[in-house]
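Open the model in your viewer and keep the selection box handy. We will go from stop to stop, with a word on what to select each time.

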Amino acid sequence: MNTLSILMSAFVLSLVGLGFFIWSQRSRLLSHDGDGSAVIFATGEIGHAETTALQPASGTDADGIDSQELLDRVAADASTAPVVFFFYCCAFVWLLVASAAGLTASIKLHAPDWLVSEAWLSFGRIRTIHLNAVAYGWAPMAGLGTALFIIPRLLKTELVGGRYALLGGALWNAALVAGLGSLAYGVSDGLEWLEIPWQIDILFVAGGALVGLPLILTLLRRKVAHLYVSVWYMGCALFWFPVLFLVANFPGIHRGVEAATMNWWFGHNVLGLFYTPLALASIYYFLPKLIGRPIQSYNLSLIGFWGLAFFYGQVGGHHLIGGPVPSWLVTLSIVQSMMMILPVVAFTVNQHLTLKGHLSALRHSPTLQFICLGGLMYTASSVQGSFEALRSVNVITHFTHYTVAHAHLGLYGFVTLTFFGAIYFVVPRITGRDWPWPRLISVHFWLAAIGIAIYFISLTIGGWLQGSAMLDESRGFMESVQLTLPYLKARSIGGGLMALSHVVFAAHFVRLLIGVRQVAQPNSTYLAAPGAL
Amino acid sequence: MSKREILPQQRRENPDPEERRTPIPWLVLALAAVLAAFGVDYISHSDVNTPPAWGDGRSLAELVGDKPAAAGARIDGGAIFTSMCAACHQATGQGLPGVFPPLAGSEWVVGKPDTAIAILLHGINGAIEVKGKVYQGAMPAFGATLGDGEIAAVLTHIRSQWGNAAAAISAETVAATRARLAQRSEPYAGGEELAKLP
């Protein structure tokens, strides 16, 4: 058999297998519980599904008795509050560090003589610090914090072993401080996304395991028979990440071309199988929660989840188009990149069906604005990424700023905005304090949204022109560099707005913490503070 | 279980979400079929029959391929020039005005073979006049990195390019000069010292 027929039969057989697996899940051939969907309705709750965000949903029935659902929720929150609070505080710090480093790197690209006296401020190091502060600081701290908050709620139980998660979070952050320090000092493993020296990675592994352990223990103690879709995503992210991280950082296994292949297997999968599922799980939880309407299609959730799980692991090879890797591997990665359109569309249609007719809720809930924009950007960045993998497009966009714009559409437009929304929802529930200035949430939203729009549009155009110029033999290489200058300046403006929005966000959080804790008022209407929900 | 304080934020929120079982829209199924067809079509039109050894842990030496083993086998002087000389002297052999001297029409290149060989073996550190202009030369020494055959090949190359038409230099000549200058360890201090060479 030649390579082509092996590749073709593997592709077709696995697709058929995936289709059958999803169908069997849907038909519950593989589970032995009863009607799962009934379990998650707590008594007294059926009928409340259509409440809009404007009306405070009732956790108390007509007789003033607290529902079991509310009591479960309160118990879950009480068990997670200190852990989630710690993770979010770290997330805020890394968000600010990453913004400062990113903005510095961005300005250096059009003002190369700025801040050149210190080696750690040179572009090669400060950009790496930016990437690692986002990749191992902001995104996992916000994402894991949100997961720690949501999972016990959805399992209707308390978090088991929260103190392990606290210890794990502390180890993780210590590792990140050490890692960023070594990058600033100039010590690096030399692979993108894997720059932090492997000796420090051991701390990440230990910390990550301690964070994951309570979530597994909690999963074992669940009081529901049917797992809501958010739990699938978060549970799998916690399984996938350690596998990726361990394999990629284990010293001395991969070398040469194999190391490059592994590098992008990790680099792409850490986006798609760690940040993405954490953020998607947040959208699946908060979007229906905020508009008070169930997710419309379990069937679409199945396609979205298993499609992601199956296709995503193979797409990293599209970073190596044109490289000295076996061409079957690159071809398969391109095909699977395009197949990713299916789970993305399934997710999009599902959210659209859920939101249909309830768009007015967007006006009153800034949290929902973040979540919805984040969901839209998931669709946009994923579809863009699929087409970017095609050889005809990749030949222009590879090695240009276009790729950088795409990466930020995903990790900022989608993941980061979604986590902003999650934090706005969660913080009042773990601190008992409402956001003091709801208007500031809108300021944050619009600064971030306009910032990423400027960032993305300018770099996309600049990157495309850059790629076209590099392919044109009649133009010198320097021309392809010089023509990007106005776009790089625009990127710094967009990035500046984004950084400013983060300062607003962090200041608001600090103000919430030092403010006076409001006394619990059972009848208080949150119309006075629409930002709270 | 002790009675816990219920926050107003917790009280006012909607119940946790659940899922309905709306069927998959037929458009999504159609999309799945289209994508699967695309995948089959794309794979069938791809050239995937590259050598299966690609992607393994081959070393740089293996990727470069077999070196010509026998003495006298042809060495590509042009390739050596591109990789080691062209960064300064430029692919056109014109150098950079005021910084790197030209090789095209240079009296040092087309002059005595021994002088040209000496420059490559030990380098220059000092002023040198080329085609009527003085350059502050800082030419690296290649005696340690290039073998006799390679120095001969690259010199033969530059002596025959860009209008230069001097005789080829053999590996034996280079070997002889190398032996004669073996005791020298530092670069030549410019054009004057080079001119005194026998």
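A residue counts as buried if 20 or more other C-beta atoms lie within 10 Å of its own, as exposed if 12 or fewer do, and as partly exposed in between. Keep in mind as you click around that this is a predicted model.

**Stop 1: Leu362(A)**

Select Leu362 of chain A, which sits in helix α12 (residues 361-364) of that chain. Is this residue buried, exposed or partly exposed? Leu362(A) has 17 C-beta neighbours inside 10 Å, so it counts as partly exposed. Leaving aside neighbours within four places in sequence, show its contacts: Leu368(A), Gln369(A) and Cys372(A). Now add Gly467(A), 105 residues away from Leu362(A) along the chain, and you will find 39 Å between the two C-alpha atoms.

While you are in this part of chain A, select residues 264-463. An unreviewed UniProt entry lists this span as "domain: Cytochrome oxidase subunit I profile". The span is 80% helix and 0% strand, and its end C-alpha atoms lie 21 Å apart.

**Stop 2: the two domains of chain A**

Next, colour residues 67-225 of chain A as domain 1 and residues 389-532 as domain 2. Their C-alpha centres are 18 Å apart. To see where they touch, pick out the 21 residues that domain 1 of chain A contributes and the 22 that come from domain 2 of chain A. On the domain 1 side, α3 (68-108) and α4 (123-155) of chain A each supply at least two residues. Which helix gives the most to that side? The answer is α3(A), with 13 residues. By type, the domain 1 side of the contact holds 14 nonpolar residues, 6 polar ones and 1 charged one.

**Stop 3: the nonpolar cores**

Stay in chain A and select Trp138(A), Leu148(A) and Met234(A). In the largest nonpolar core, of 151 residues, these three touch the most other members. Both domain 1 (67-225) and domain 2 (389-532) of chain A give residues to this core, so it lies between them. Zoom in on Trp138(A): apart from neighbours within four places in sequence, its contacts are Ala91(A), Trp94(A), Leu95(A), Ala98(A) and Ala133(A). There is also a second, separate core of 26 residues, with Ala116(B), Val154(B), Leu155(B) and Leu194(B) among them.

**Stop 4: chain B and its hairpin**

Now show chain B on its own, with its 10 helices and 2 strands. Trace the chain along its sequence and the order is α-α-α-α-α-α-α-β-β-α-α-α. Of its 198 residues, 31% are buried.

Select the strands β1 (124-130) and β2 (133-139) of chain B, which pair in the antiparallel sense over 7 bridges. Across the pair, Gly126(B) has Gly137(B) as its bridge partner. The hairpin has 2 residues between the strands, and Lys131(B) takes a positive phi near 50 degrees there.

**Stop 5: Ala189(B)**

Finish with Ala189 of chain B, in the loop between α9 (171-180) and α10 (191-195). This residue is partly exposed because it has 14 other C-beta atoms within 10 Å. Which residues does Ala189(B) contact, leaving aside neighbours within four places in sequence? They are Asn125(B) and Gly126(B), and Gly126(B) is the residue you just saw bridged to Gly137(B). For a last selection, add Ala36(B): it is 153 residues from Ala189(B) in sequence and 71 Å away in space, C-alpha to C-alpha.

Key. Residues numbered from 1 in each chain as written. Chains lettered and ligands numbered in written order. Predicted model: local features only at pLDDT ≥ 70, side-chain atom pairs only at ≥ 80, totals over all residues. Domains from an automatic or database assignment. Contact = placed C-beta atoms within 7 Å. Helix = DSSP H or I, 4+ residues; strand = E, 2+ residues; numbered from the N terminus. Nonpolar A, V, L, I, M, F, W, Y, C, P; charged D, E, K, R; others polar. Pairing = 2+ DSSP bridges. UniProt positions renumbered as here; feature names shortened; annotations may be inferred. Core = buried A, V, L, I, M, F, W, Y, C linked by C-beta atoms within 7 Å.
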